[in-house]
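Student: Could you take me through one part of this structure up close? I'd like to look at the empty space inside and the helices around it.

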Amino acid sequence: MNTCSHSQLLSAYHDGELSPEDRARVEGHLRDCPACAAELEQFARLTSVFAGFEPPRLASDALRRIGDEPPIWIQRGYLRFVESLAGIAAAILVAASGWMLYQQRDTAPPRDSSIAYVVVNPDQLDTSSEAPSARLNDWIAGEVQRP
Amino acid sequence: MGQLEASDAELVRRIRAGDGTAFRELVDRHGNSLFGLAYTLLGSASDAEDVVQETFLGAFRRLDAFEGRSAVKTWLTRILLNHTSKLRRSKRVRKAESTETPAAANDRSLRTGSPAVAVDSRVDVMAMLDTLSPDHRQVIVLRELEGLSYEEIAEALGVPRGTVESRLHRARQELKQRYAGYLT
């Protein structure tokens, strides 16, 4: 492992990415540092290994398939149209959900167990409790006793 | 006398105007080089093909966002790099979740179907790249195989130039140590 402080610059020097001043400094250093000179040589060999590499190519039918005009549904104009519709549908859904919740809140039976409520909503009569019947009896008794 | 080839910027302008043949021309022009890049990053021809298709579709959808500040090829490369990173992350998650024995990581058919010299070189380079972390693999591929400058690599990856320089240096140190016998 090259522990020379100049080794950090060797990669950029090899790639020709140093400023003129830094390049000159490294070149001067290389004359006196066998470790850096050897490392630079290995970088050059690495590059030549990569230079001999040829990646595979796409099969012609695959290239043709990719280049086929994108399906009509993703044509940009249609995509925008569909996106707008989706946005409108989502807004309508949210508004409708909110309205339905609000409507349920308004029509929700009051918890008041007054007689008037019992009379108006006989199907909501709570037969498990004596309270409504007792109050009805009281009311009837009151009416009967009225002069 | 033949017609002058349209520039990439001109092709993008024509695609925006709805010219489907311009899209095909852009794919024909850059498809193979993008495929090569994706292949060297992912090590799989089928994954690379998927990523290239996603890249061009993504570019088609985001044409309005392309302002022409960078070259079209650089823009496409940046989209491709994003897709390869996403694919690698999803494969890493799937591999971690899977209880089955992992399948072979690379597409062997490409390695065995070519003349001997080319096969050896391809196997060596792909084997080398497989030993690198994703970050190191990216900079080595973009520099050594794509020939991009440090500025171009920095732009494609969205990192500072200094990061490119240090990653490249560390990647080369790694390869040099692992393949010392091969490189002397």
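Tutor: Sure! Let's start with a yardstick: the expected span of a helix is 1.5 Å times one less than its number of residues. Keep in mind that this is a predicted model. Now try the yardstick on α3(B): with 17 residues at 1.5 Å each step, the helix should span 24 Å, and its end C-alpha atoms are indeed 24 Å apart, so the two agree.

Much of interest in α3(B) is tucked away: among its buried residues are B:Val51, B:Val52, B:Thr55, B:Phe56, B:Ala59 and B:Phe60. An α-helix has 3.6 residues a turn, so residues three or four places apart point the same way.

Next, the empty space. Rolling a probe the size of a water molecule over the atoms shows where empty space is left. Here the count comes to 1 cavity of 30 Å³ or more, and the largest cavity holds about 30 Å³ of space. Who lines it? B:Ala59 and B:Phe60 turn up again, together with B:Val12, B:Ile15, B:Phe23, B:Leu26, B:Leu63 and B:Trp75. In chain B, α1 (8-16), α2 (20-42) and α3 (45-61) each give at least two residues to that lining. By class, the lining has 8 nonpolar residues, with no polar and no charged ones.

For another kind of lining, try the second largest pocket, with about 230 Å³ of space. Of its 15 lining residues, the closest to the centre are B:Leu81, B:Ser85, B:Asp135, B:Gln138 and B:Leu157. α4(B) supplies the largest share, 7 residues. This lining divides into 4 nonpolar, 4 polar and 7 charged residues.

How values were computed:
Residues numbered from 1 in each chain as written. Chains lettered and ligands numbered in written order. Predicted model: local features only at pLDDT ≥ 70, side-chain atom pairs only at ≥ 80, totals over all residues. Heavy atoms only, no water. 1 Å grid on protein atoms, 1.4 Å probe; cavity = no way out; pocket = protein on both sides within 12 Å on 5 of 7 lines; lining within 4 Å. Points joined across faces, edges and corners; volume = space filled by probe spheres on them. Helix = DSSP H or I, 4+ residues; strand = E, 2+ residues; numbered from the N terminus. Nonpolar A, V, L, I, M, F, W, Y, C, P; charged D, E, K, R; others polar. Buried < 20%, exposed > 50% of the residue type's maximum accessible area, 1.4 Å probe, protein only.
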